[in-house]
Amino acid sequence: MAGAGSPLVKGMNSGESLLKFIDRVVRPDAGYIARCQELVGKFVKFLEMKNGPLNVNKIVTAGSLVSGTAERARADIDLIIYLNDYSSVRDLSRDIGNVLRHLKTYIETDVIWAKSLVFKAMAPHSAQFFLKLGDSDTEHTVDLLPAVDIAKTMSQSAIYEEMKDQTDIRRFYGVSLAPFHFRFLQKVPAKVKDLIRLVKYWRRAEDVPIGSGFIETLVIAVWREDHKPQNFDMNQYLRHVMQRLSQIKTLAVVFDDNYNHRLYRNDLKPPYLLDPCDPYKNMAPSIGDIPIVKKKADAVLESLARDGSVSTQTSR
């Protein structure tokens with residue numbers, strides 16, 4: 001509960017609990033989610049049209065909108081576009097620049113979608129747009145991610161083995177593995193997702209240099225280490241997460257759900273938090289960002305102690 005001093009999280013009212021704050025500010029309402037999903041569904045149909053620039057096999061929607069970890073009025077939408085014309089990840093990697101340019105032109109020359117989607121940036125394996133929802137000022141990030149459906153014919157272990165020798169294009173495999181990460185997120189209860197939302201909100205409010213995927217995975221790690229309770233004290237769990245961030249210099253987290261990391265990584269040094277579905281992807285922030293992450297986390301721990309909600313001791 002926020003005390004009379006500075007709020008535990010920016011935007012909290014004096015005397016307000018974290019649960020009430022999440023309900024009032026952080027968690028999106030069902031109507032908002034439904035409107036987003038409806039608009040994204042229409043956009044997917046547009047991309048799948050036969051007169052489009054690409055031979056699309058299927059499109060899988062992922063990101064925080066679908067996984068249930070989106071903040072209010074903010075959602076990350078990943079559209080994984082599986083293409084028919086490429087037989088391997090390497091084939092697609094050679095042509096990815098052309099594919100992304102075709103997608104960008106297709107959207108920007110359409111009478112309807114050119115008004116709703118604003119180009120943001122081109123990454124090595126994706127095109128990123130801002131999607132406006134109706135007449136509101138809210139903008140959502142949409143990543144268009146061309147991919148090869150290698151999981152259709154290969155097991156996860158076979159994919160990891162193939163990635164061993166493909167160091168120059170491993171990031172392209174990550175796109176094909178994204179649906180596995182999405183299923184990993186779906187297995188957690190609603191209260192864990194609320195905590196994820198809260199930490200994302202804090203990250204944005206305090207400009208903390210950690211990624212959404214890192215937050216999601218770290219929160220789930222904390223929850224699983226406590227034997228996956230369906231219910232828990234939100235203040236206590238926020239403390240646990242902030243303690244891990246305060247000690248981020250020594251962070252060492254791996255999951256054994258999909259792989260034995262020792263088969264693929266012999267170079268790990270803290271800090272690391274491996275993607276549960278990609279042993280080659282370390283989601284932890286860079287060494288240069290560690291001091292600011294620790295400073296921001298320590299400030300929350302001090303506020304929790306001052307408020308009297310929890311102790312700042314590191315024992316669980």
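This tour moves through a predicted model, one selection at a time.

**First stop: the segment before α1**

Select E16, which is placed in the segment before α1 (18–26). Its relative accessibility is 8%, so E16 counts as buried. Now add A62 to the selection. The two residues lie 46 places apart in sequence, and their C-alpha atoms are 33 Å apart in space.

**Second stop: the hairpin of β3 and β4**

Select strand β3 (residues 117–123) together with β4; the two pair in the antiparallel sense over six bridges. The turn between them is a hairpin, in which two residues link β3 to β4. To see how the strands face each other, display A123, which stands opposite S126 in β4. Then select β4 alone (residues 126–132), a strand that is mostly covered, since five of its seven residues are buried.

**Third stop: helices α7 and α9**

Two packed helices are described by the angle between their axes and the distance between the axes. Select helix α7 (residues 170–186) and helix α9 (residues 212–225). Their axes come within 11 Å and cross at roughly 45°. That angle makes α7 oblique to α9. The crossing of these two helices is left-handed.

Next, show the side chains where the helices touch. From α7, the residues to display are H181, F184 and L185; from α9, they are E216, T217, I220 and R224. By class, the residues of this contact divide into three nonpolar, two polar and two charged.

**Fourth stop: two loops beside α9**

Most residues other than glycine have a negative phi, and most peptide bonds are trans. This stop and a later one show departures from that pattern.

Select D207, in the loop between α8 (190–206) and α9. Phi of D207 is near 55°, a positive value in a residue other than glycine. Is D207 buried or exposed? With a relative accessible area of 63%, D207 is exposed.

Then move to H227, which is found in the loop between α9 and α10. H227 is not a glycine either, yet has a positive phi of about 70°. The relative accessible area of H227 is 71%, and the residue is therefore exposed.

**Fifth stop: helices α10 and α11**

Select α10 (residues 234–246) and add helix α11 (residues 290–307). The two pack at an angle of about 150°, and their axes are 8 Å apart. α10 and α11 are therefore roughly antiparallel to each other. Their crossing is left-handed.

Display the side chains of the contact. On α10 these belong to N235, L238, R239, M242, Q243, L245 and S246, and on α11 to V293, K294, A297, D298, V300, L301 and L304. The residues of the contact comprise eight nonpolar, three polar and three charged.

Now centre the view on M242, a residue of helix α10. M242 is buried, with a relative accessible area of 1%. Which residues does M242 touch, leaving aside those up to four places away in sequence? They are W202, A297, V300 and L301. For a distance across the fold, select K295 as well: K295 and M242 are 53 residues apart along the chain, while their C-alpha atoms are separated by 10 Å.

**Sixth stop: the sheet of β6, β7 and β8**

Strands of a sheet pair through backbone hydrogen bonds, either parallel or antiparallel. Select β6, β7 and β8, which form an open sheet of three strands in the order β6-β7-β8, with mixed pairing. The edge strands are β6 (252–253) and β8 (278–282), each of which pairs on one side only.

Begin with β6 and strand β7 (residues 272–275), which pair in the parallel sense over two bridges. Here A252 has Y272 of β7 as its bridge partner. Continue to β7 and β8, which run antiparallel and are joined by two bridges. On this side, L274 has N282 of β8 as its bridge partner. A hairpin of two residues leads from β7 to β8.

**Last stop: the cis peptide bond**

Finally, select P270 and P271. What kind of peptide bond joins P270 and P271? The bond is cis, with an omega of about 5°. P271 is located in the loop between β6 and β7.

Methods: Residues numbered from 1 in each chain as written. Predicted model: local features only at pLDDT ≥ 70, side-chain atom pairs only at ≥ 80, totals over all residues. Heavy atoms only, no water. Axes fitted to C-alpha atoms, helices over the stretch in contact; angles between N-to-C directions. Helix = DSSP H or I, 4+ residues; strand = E, 2+ residues; numbered from the N terminus. Parallel < 35°, antiparallel > 145°, perpendicular 65-115°, else oblique. Left-handed = near helix turned anticlockwise from the far one by under 90°. Contact = heavy atoms within 4.5 Å. Nonpolar A, V, L, I, M, F, W, Y, C, P; charged D, E, K, R; others polar. Pairing = 2+ DSSP bridges. Buried < 20%, exposed > 50% of the residue type's maximum accessible area, 1.4 Å probe, protein only.
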